Amino acid sequence: MDAASSQPSYSGAHPSNRDGLPEPSLDDAHSPFKVLAHGDLLRQFIEGNSVRPIHMRIGIMGACNMRCNFCNFHSENEEHFYDLFSYKDSMSTEDSISLLTEFAANGGRAVTFCGSGECTIHPGYIEICRAAHEAGLRIGLITNGSRIHRDDMAACIRETHTWVRVGLNAGTADTFASITHARSGVFSQIMSAIGELRAAAADPEFRIGLNYVITQENYREIEVAAREAQDAGAHYIRYEPEFYSALGHRTIEPVLDEIAQALDETSAGESDDFEISIPKLDRGPMDRTEAVEGDFDRCHYSRFVTAVGADGQLYPCPQVHLNSRYRIGNVVEEGYSGVLEGGPRAEWEASNPLRTDLCKTCFYRPQNELLQWLRDGRIELGEALSSYSVEVPKTLHAEFI
């Protein structure tokens, strides 16, 4: 969407691939336009008033019990970017509960456990989740799936979680083991647990799906992974390209045509009960590039969503957490509201250059472009809200914007 366009539509910010690649199709749980379900917040934003984030993405520990070959936090090519990453970082159970309780008291509505490590191996994960749920937060989990089959973990998920996304990244047990270096039997344990969690979850909007990072090691299993996911009872499978190596897509570029064909053929298996998410494939590195992607000047999305690392620091988003250039303030030591509104965040934003000097590409480009266009008046809010309400009468997981 160029600046000369007189009447852009919010749908113009939808992700797109270059010619020859399949068009992205996102499942309902991952729509980039959920912010349009929050008209009151958007009006505050457009009028220049303070907006408190309603969604927090948090990593409560740096350790992980897998060593996935494509993991950005284990790549020597990303050491310059994630310069604050440490396996030893961990937020205590008490600090985690205190932070999430304060977040809920300051307008927070949802929390996603993700981060640099595997949150479910934190010894207090279940206690933290139950406290967050009691505080009124809806809970999402991005996990490697290694513990979702355990009785206590499964009970916690069933009773408190709104959604779970498991990193599968393979269509067979052998490839899964080769990529993740997980112990024998984990692949089958994950697949067995999915249907059981789906059937017994308390939240009527509960969704459980699989995430598949496409690499040179697994691209030939794209189709079989979708069949396995559907047979296991997953609501969806979500594909994304390997892009964390600071090499752009040169790692899978030689086989992109084969990947595109596999995704096209796989998408034919979508049904009313099973969604298949086709990604933006031509993504580049976040900072090792001179090309700036996206029609927006600052990260507006971080007004609505925030991120906390296992180091206790507040960051604009999970894609840049554990990078010292994006560190805003320590919410464990200074308190969430103290960092958000007590000075550190304002100081960081005042001293921070335009996003074009930092992350030149952006995982949340559609959200940021939409917010830029609304703020500049290039899209009229009332018309956008009206169009969205017709196209999406009920937003799935609206709090997880």
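**Close-up of L322 in the loop between strand 9 and strand 10.** In this predicted model, L322 sits in the loop that runs between strand 9 and strand 10, and its phi is positive, at about 70 degrees, although the residue is not a glycine. L322 counts as buried because its relative accessibility is 1%, where the cut-off for burial is under 20%.

**Close-up of the open sheet and its edges.** Ten strands, taken in the order 7-6-5-4-3-2-1-8-9-10, form an open sheet whose pairing is mixed. Strand 7 (275-277) and strand 10 (329-330) stand at the edges, and each has a single partner strand, so one side of each is left without a neighbour in the sheet. Strand 8 (residues 305-308) pairs with strand 9 (residues 313-315) in the antiparallel sense, over two bridges, and V308 has L314 of strand 9 as its bridge partner.

**Close-up of two helices that pack on the sheet, helix 2 and helix 7.** Helix 2 (residues 93-105) packs on the sheet through contacts with strand 1 (55-58), strand 2 (110-113) and strand 8, and its direction makes about 165 degrees with that of strand 1. Helix 7 (residues 222-232) also packs on the sheet, where it touches strand 5 (207-214) and strand 6 (236-241), and the direction of helix 7 makes about 155 degrees with that of strand 6.

**Close-up of helix 8 and its buried residues.** Helix 8 (residues 256-267) has 12 residues and reaches 16 Å from its first C-alpha to its last, which is close to the 16 Å expected at 1.5 Å a residue. Its buried residues are L256, I259, A260, A262, L263 and T266; seen down the helix axis, the buried residues fall within an arc of 165 degrees, so they line one face of helix 8. These buried residues pack against strand 5, helix 7, strand 6 and strand 7.

**Close-up of L168 and N169 in the loop between strand 4 and helix 5.** L168 lies in the loop between strand 4 (161-167) and helix 5 (173-180), and it counts as buried at 1% relative accessibility. Leaving aside residues up to four places away in sequence, L168 touches F176, F187, M191, L210 and N211. The C-alpha atoms of L168 and S192 are separated by 13 Å, the two residues being 24 residues apart along the chain. N169, which lies in the loop between strand 4 and helix 5, is buried, with a relative accessible area of 4%, and its phi is near 65 degrees, a positive value in a residue other than glycine.

Notes
Residues numbered from 1 in each chain as written. Predicted model: local features only at pLDDT ≥ 70, side-chain atom pairs only at ≥ 80, totals over all residues. Heavy atoms only, no water. Helix = DSSP H or I, 4+ residues; strand = E, 2+ residues; numbered from the N terminus. Buried < 20%, exposed > 50% of the residue type's maximum accessible area, 1.4 Å probe, protein only. Contact = heavy atoms within 4.5 Å. Pairing = 2+ DSSP bridges. Axes fitted to C-alpha atoms, helices over the stretch in contact; angles between N-to-C directions. Expected span 1.5 Å × (residues − 1). Arc of directions from axis to C-beta.
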